[in-house]
Amino acid sequence: GTDDNFFYSQIAPHVPHDFPLRDDYFGVIYDFSKAHRLVLSVFIALFGTFHPLQVLIFNATGLALASVFVAALTQRLGFDERQQRLAFWLMLLCPFCLANGAVLLREGWLAACFAMTLFGCVRRQVLPLFIALAIAYVMRFESAVLLTGNVGLMLFFMVNSRLEETPSGPVYRLYFQAGRVANQFAVVLLLIGVIVAVGPTLLPLIGKAALGRPEFVETFIRSVSEREGGTSTLYTISTLPLYASLPLGLLFFAGAPFLALNLIVIDGTFIPRYLLQNIFALEMIILMPYFLRGCLHALKERNALYVGLLAVFVVDTLLLSQFSLQIRHKVMIMPAFYLLCVIGTLYPDNRVARLTLLPAVFLILLSGTIMLSNLDVI
């Protein structure tokens, strides 16, 4: 009964008679299903049959492209070949992305679109931006809106910077001027005014993008939480007052998924997806110090591209933690996480390096607490 089950039923030329279909199966056909069916029609024309593995080939292509654009970004940001290779392999072999982007539809391609939009911003090229946003719109409208906001955020930091020559090469340093920033905010307010004036046509779509799918959260997510004894931690956080749900949701979503070894085997059934997510939880413990070093390095150096990348990651994580409540949607922003980890390898300060080990220790203790209390956190 999930979205992916519905998409598959629309992609396949035919489905078994007992395959679960939605009531509106014949009334709604998503653009994503149409695009997916168009691509897979090549396989059907060549081989005359349809098999779910052909869907995996399509999904794996998105994950591979995400790795390529992450490597291209590191090259553009001035990293050496060793760091470029590190970013490429981290993204390509990410257990979390494999668990949620190979079998499940859309997430791998949205990660590629995320990396492609950042690449277009850094390279100042419109074509990659247009292609990435067009693909994201077909995949998931809300994600396309989120990526559009990412472009605006990156451009804000890039516009408010100036080129400086350093021993390691040219760097765009943040340089804010009160008048220029005020004009930029005025343009944003003007755009909001135009959207409100247009009103009836755009507002429902914008509201859907801004609020996510509250009906999905309040039906599916809540029902699952209640059925499992109210152990959905992220849903519980979302029901707290705003002053508590914002910071707690941000921290929880940024650190998730956590270790939950009890989910690898459920009722005697081995679940490979949960095994991969538990492997990623261990990887997070190792990479978190480098990620935090990358964040500190970006702020200390006032590198506009680094700070823009950090801002995009924080804002997207915050929005997803409040409106999505689905950890798998974090796949889309994993390119930013790994890029910040690679930036963290540039930080030479040993005192800071020791300080950033504390979150790793915290994750270990938190994971142990979660496993002992049997909470649903994956």
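Helices here are DSSP runs of H or I at least four residues long, counted from the N terminus. By that reckoning, R124 sits in the loop between helix 6 and helix 7 (126–139). The model is a predicted one, and R124 is a handy place to start looking at it. Its backbone has a positive phi of about 60°, even though R124 is not a glycine. As for cover, R124 comes out as partly exposed, because its relative accessibility of 48% falls between the 20% and 50% cut-offs.

R124 has a counterpart further along the chain. R302, also not a glycine, has a positive phi of about 55°. This arginine belongs to the loop between helix 14 and helix 15. With a relative accessible area of 40%, R302 is partly exposed.

Next door in sequence is N303, which is likewise found in the loop between helix 14 (272–301) and helix 15. Is N303 buried or exposed? At 10% relative accessibility, N303 counts as buried, since the limit for that label is 20%. Setting aside neighbours within four places in sequence, the residues in contact with N303 are V171, Y172 and A298.

Stepping back to the whole chain, the fold has 18 helices and 4 strands. Of its 378 residues, 48% count as buried. Long-range contacts are well represented: among contacts between residues at least 6 apart in sequence, 69% join residues at least 24 apart. The accessible surface adds up to about 19200 Å², and carbon and sulfur atoms account for 70% of that.

Two pairs of residues give a feel for how separate stretches of chain come together. A60 lies in helix 3 (residues 52–76). The C-alpha atom of A60 is 8.7 Å from that of V103, with the two positions 43 residues apart along the chain. A60 itself is partly exposed, at 38% relative accessibility. The other pair is T345 and R293, which are 52 residues apart along the chain and have their C-alpha atoms separated by 7.6 Å. T345 is found in the loop between helix 16 (334–344) and helix 17 (350–355). A relative accessible area of 34% makes T345 partly exposed. Not counting residues up to four places away in sequence, T345 touches Q83, L86 and Y290.

Then there is the inside of the protein. How many cavities of 30 Å³ or more does a search of the whole structure find? The search turns up 1. The space in this largest cavity is about 60 Å³. Its lining is made up of L73, L77, L118, V122, M154, L305, L309 and L339. Helix 6 (107–123) and helix 15 (304–323) are the elements that give two or more residues to that lining. In terms of chemistry, the lining divides into 8 nonpolar residues, with no polar and no charged ones. Helix 6 and helix 15 also turn up in the loops described above: R124 is in the loop between helix 6 and helix 7, while R302 is in the loop between helix 14 and helix 15.

The cysteines were checked for cross-links, and a search of the whole structure finds 0 disulfides. Why does C94 not pair up with C97? The sulfur of C97 is the closest cysteine sulfur to that of C94, but the two are 3.4 Å apart, which is too far for a bond because a disulfide needs the sulfur atoms within 2.5 Å. C94 counts as buried, with 0% relative accessibility. C295 is in no disulfide either; the nearest cysteine sulfur, in C341, is 8.4 Å away. At 11% relative accessibility, C295 also counts as buried.

One last backbone feature deserves a look. The peptide bond running from A256 to P257 is cis, with omega near -5°. P257 is placed in the loop between helix 13 (242–255) and strand 3 (265–266).

Note on methods: Residues are numbered from 1 along each chain as its sequence is written. This is a predicted model: local features need pLDDT of at least 70, side-chain atom pairs count only at pLDDT 80 or more; totals for chains, interfaces and linings use all residues. Side-chain values use heavy atoms; hydrogens and water are left out. On a 1 Å grid over the protein atoms alone, a cavity is a set of points where a 1.4 Å probe fits but cannot get out, and a pocket is an open set with protein on both sides within 12 Å along at least five of seven lines; lining residues have an atom within 4 Å of a point. Grid points are joined across faces, edges and corners, and a volume is the space filled by probe spheres set on the points. Ala, Val, Leu, Ile, Met, Phe, Trp, Tyr, Cys and Pro count as nonpolar, Asp, Glu, Lys and Arg as charged, and the others, Gly among them, as polar. Buried means under 20% relative accessible area, exposed over 50%, partly exposed in between (1.4 Å probe, protein chains only). Contact means heavy atoms within 4.5 Å. Accessible areas come from the Shrake-Rupley method with a 1.4 Å probe; for residues, only the protein chains shown count as cover.
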